[in-house]
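Hi,

Here is the structure I promised to pass on. Have a look at it first, then read my notes below.

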Amino acid sequence: MGYTNLKFDSGTLFLVTGGAGFIGSNLCEAILNMGYKVRCMDDLSTGKQKNVDIFLGYPNYEFMKGDIRNLDTCMCACKGATYVLHQAAWGSVPRSLEMPLFYNKNNIEGTLNMLEAARQNGVKKFVYASSSSVYGDEPNLPKTEGREGNLLSPYALTKRCDEEWAKLYTRFYGLDTYGMRYFNVFGRRQDPDGAYAAVIPKFIKQLMRGETPTINGDGRQSRDFTYIENVIEANLKACLAPHEAAGEAYNIAYGGREYLIDIYYGLTKALGVDVEPNFGPDRKGDIKHSHADISKARKLLGYDPDYSFQDGIKLAIEWYKENL
Ligand SMILES: NC(=O)c1ccc[n+]([C@@H]2O[C@H](COP(=O)([O-])OP(=O)(O)OC[C@H]3O[C@@H](n4cnc5c(N)ncnc54)[C@H](O)[C@@H]3O)[C@@H](O)[C@H]2O)c1
């Protein structure tokens, strides 16, 4: 269960790209707490300096400001790294629809640079962030690897391309790659601000400030919201996965299904406020329902998520109450 009992060789160095972001900074923290070395590489484009500053006192932590669009930078970052946990990318489906060229450069070329740099530096395992958006308009639930539909956004395309590049690097260049298809991750340090903020931190902050949140659509959309601790477990278990499991992408979720409207009222109750939401139009590129089959990750990575949505949301609310 969990990941804190996982053992890596002493002297192991983890390179976390996008380590100043939500998921990356949580990976850095978990690895440091387990006593291993972390190099965080980030260009601070959507990440936060404060997510770096909190770790600067740790002797095992190194921060490198750099852009994955630059191959030389990626080469420097991968030097001496045992494992790469590649999280750097721009998220957000609607923003990608506005900036397709940037997403192609940042998320696809950037990932290709990282794969090449990892290969040239003899990295042991390359674990990277993919996304449930690769399922596109495939209507069947639960979402199962190998049954993907037509893509609905440039963002989803970048993640699908990353998976194909990674598979190819495993097949032709012998780099063990493992794709993490995250499903709506939430938890501490997820950014509540901005037009493209994720719904859980955004609603928590708005409700705490007495503002009225807007739900896109009717609120009857459902998602497999996944607590950050489960994502950390998946990444670290992938580092220890056998070669036979490489060159594949895996659903990383809890395997549950929550309706947005229920989450909304759960939050109002937990925060002790009585505010009815506004309802806005559906968001372009959004799917109605998402629910993961996690049996592949269970079987091949030994992934066994500990935190249900209810466990996670309690911890997330506590964190935002203390930190907002
Ligand atoms: N949060 C989710 O629910 C979710 C779901 C599916 C997939 N993902 C993927 O997981 C990864 C991490 O997501 P997150 O939620 O932590 O996002 P985030 O925006 O908090 O973190 C991404 C980090 O990558 C950095 N970055 C972006 N472009 C870069 C570049 N060119 N060079 C160096 N650094 C760069 C940003 O500055 C940021 O710190 C992303 O690849 C994202 O697409 C996240």
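**Around the ligand**

The ligand is surrounded by 27 residues (each with a heavy atom within 4 Å of it), and the closest are I23, D42, N106, Y155 and V185. Keep in mind that this is a predicted model, where local features need pLDDT of at least 70, side-chain atom pairs count only at pLDDT 80 or more, and totals for chains, interfaces and linings use all residues. Residues are numbered from 1 along each chain as its sequence is written, and side-chain values use heavy atoms, with hydrogens and water left out.

By type, the shell splits into twelve nonpolar, eleven polar and four charged residues. (Ala, Val, Leu, Ile, Met, Phe, Trp, Tyr, Cys and Pro count as nonpolar, Asp, Glu, Lys and Arg as charged, and the others, Gly among them, as polar.)

Now for the backbone: F22 and I23 each have a backbone N or O atom 2.8 Å from an oxygen atom of the ligand. For Q87, that distance from a backbone N or O atom to a ligand oxygen is 2.9 Å. On its own the ligand exposes 820 Å², and the protein buries 89% of that (Shrake-Rupley method, 1.4 Å probe).

**The nonpolar core**

The largest nonpolar core has 70 residues. Such a core is a set of buried Ala, Val, Leu, Ile, Met, Phe, Trp, Tyr and Cys residues joined through side-chain atoms within 4.5 Å, where buried means under 20% relative accessible area (1.4 Å probe, protein chains only). Among the residues with the most contacts inside this core are F8, F14 and L236. Apart from it lies another core of 21 residues, including M64 and F126.

Cheers

Technical notes: Buried means under 20% relative accessible area, exposed over 50%, partly exposed in between (1.4 Å probe, protein chains only). A polar contact is a pair of N or O atoms within 3.5 Å; within protein, one must be able to donate a hydrogen and the other to accept it, and residues adjacent in sequence count only if both atoms are side-chain atoms.
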